[in-house]
Structures are given as C-alpha cells and as structure tokens.
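Student: I would like to learn how to read the empty spaces and the ring contacts of a protein model. Could you take me through them slowly?

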Amino acid sequence: MKRLFFLTGLLLAVFGIAFAAQAAQVFDVDATHSSANFKVGHLGIGYVTGGFTDIAGTITLDKKNPKACSVDVTIKTGSVNTNDAKRDEHLRTPDFFDAAKYPEMSFKSAKVEKLKDGSYRVSGAYTLHGVTKKIVTRGKLVGEGKDMKGNTRAAFEAGFKIKRSEYGMTKMIPAAGDEVEITLVFEGILKK
C-alpha cells in the first residue's frame, strides 16, 4: 500500500512538473521573420516609413496564466532602414538616433493582462536614446504552428505611439513629425 502511494505521488509529481514546464513557453525572436516598423510625419503633408532589421529577444507565453507572460526585446538603432541610404545615414547621427552613443532601443515588460477579446495589455519600460519611459501597448498572438524543420513557432503583433521629443530627439520638428507610430511583428521559435 505504501508503495502504491509512493508511485502515485511520484507520477503526480512528474506529470505536475511536466505540465508546469509546458504551461509557459519561451520563444526566441527570429529576426528574419520579424519587423519593427515606424511611420512619422513628413512636412505635415505625408509620411516617411521605415524599420529596423537587427532584432533580438524573448517572448514568454503562458495562455493559462497571463501574469507569467513577458516580453524582452532589443533592437539595434544602427539597423534603421527607410530604403534611402543617405536618409538612413542621417538617422544614425546625433540629430536622430545617435546610434554610436545609443546603439540599442529596448522594451522589457513589467505586466501582462489578457483582455476579454483575447488580446493582451502589456505595460513595461521602453528605452530609446538613453531615456526610459513606461508605456502601455496592446498586443495579440497572431498564430502558432510548426515550421518545415519541426520547430514550434508563434507570431505576435503590437503597436503604440510615442513623441520622439520626450526621448530627447528634437531635431527637425515639425518638418519631421514629433509623433511616431510603431508597429512590431515578432515571430519566435520555441526554445527546446
């Protein structure tokens, strides 16, 4: 009888650990299938759009316990790309990103809440140009599945707006707009 209780307890412990391990999934951001894009006003009549190509980080997803979810992403400012080499070089200077002094921008979540519509409210610290501010964004799980190599993948999307002047980036306002719309689409590969 003692042996039966011991074996039952052992099995419950093993399955309990396995279940707990499966609950939270950690995904490494796949930069080749991810984007960090922006849209900013140009001369008050149109927009300049661009993005960044060097993205890294992790996203932890726990569908049953959103409080265990997290986002930790870093983007290299020198990887800015607006499809105009001269403009991109200017954006890397102290007039804008000052990529030599501030080579990275980042977001680290502090709180994740699941909303009734299935999306997530994510609040955390956004650092740009040496300034860190609390922001709140709304994100969603776009999809999940296996890739051709059998890896589990998931895609996430979020967006928010900032005023670049609040991050010490005041050059050329208003010719280059102050408000910047940012859209993030991250695809991650589940860590094994």
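Tutor: Let us begin with a sorting of residue types: Ala, Val, Leu, Ile, Met, Phe, Trp, Tyr, Cys and Pro count as nonpolar, Asp, Glu, Lys and Arg count as charged, and the others, Gly among them, count as polar. What you see here is a predicted model, in which local features need pLDDT of at least 70 and side-chain atom pairs count only at pLDDT 80 or more, while totals for chains, interfaces and linings use all residues. Residues are numbered from 1 along each chain as its sequence is written, and side-chain values use heavy atoms, with hydrogens and water left out.

Student: Which helices and strands does the protein chain have, and how are such elements defined?

Tutor: Helices (H or I, at least four residues) and strands (E, at least two) are DSSP runs, numbered from the N terminus. In this model the protein chain has two helices and 11 strands, and from the N terminus on the order is α-β-β-β-β-β-β-α-β-β-β-β-β.

Student: How does one find empty space, and what is the volume of the largest pocket?

Tutor: Rolling a probe the size of a water molecule over the atoms shows where empty space is left. On a 1 Å grid over the protein atoms alone, a cavity is a set of points where a 1.4 Å probe fits but cannot get out, whereas a pocket is an open set with protein on both sides within 12 Å along at least five of seven lines; lining residues have an atom within 4 Å of a point. Grid points are joined across faces, edges and corners, and a volume is the space filled by probe spheres set on the points. Here the largest pocket holds about 450 Å³ of space. It is lined by 27 residues, of which F38, V40, L91, F96 and A176 are the closest to its centre. Two or more lining residues come from each of β2, β3, α2 (85-91), β8 and β11, and β2 gives the largest share, six residues. By type, the lining of the largest pocket divides into 20 nonpolar, five polar and two charged residues.

Student: How many cavities of 30 Å³ or more are there, and what lines them?

Tutor: There are two cavities of 30 Å³ or more. The largest cavity has a volume of about 300 Å³ and is lined by 20 residues, with V71, V122, G139, F156 and A158 lying nearest its centre. Its lining divides into 14 nonpolar, four polar and two charged residues. The second largest cavity has a volume of about 80 Å³, and its lining is made of V73, I75, M105, S106, F107, Y126, F160, I182, L184 and F186. To that lining β5, β7 and β11 each give two or more residues, and it divides into nine nonpolar residues, one polar and no charged.

Student: How are aromatic pairs recognised, and how many are there?

Tutor: Rings of Phe, Tyr and Trp (its six-membered ring) pair if their centres lie within 6.5 Å; planes under 30 degrees apart count as stacked, over 60 as edge-to-face and the rest as tilted. By this rule the count is five aromatic pairs. The rings of F38 and F52 have centres 5.7 Å apart and planes at 50 degrees, so this pair is tilted. Since F38 lies in strand β2 (residues 35-42) and F52 in strand β3 (residues 46-52), the pair ties together parts that are 14 residues apart in sequence. Both F38 and F52 are buried, a word that means under 20% relative accessible area, with exposed over 50% and partly exposed in between (1.4 Å probe, protein chains only). Another pair, Y126 and F160, is edge-to-face, with 5.4 Å from centre to centre and 75 degrees between the planes. Y126 in strand β8 and F160 in strand β10 are 34 residues apart, and their pair links distant parts of the chain. The relative accessible area is 5% for Y126, which is buried, and 10% for F160, also buried.

Student: Which residues does I182 contact, leaving aside its neighbours within four places in sequence?

Tutor: Contact means heavy atoms within 4.5 Å. I182, in strand β11, is in contact with N37, F38, Y126, A158, G159, F160 and I162 when its neighbours within four places in sequence are left aside. I182 is buried, with a relative accessible area of 10%.
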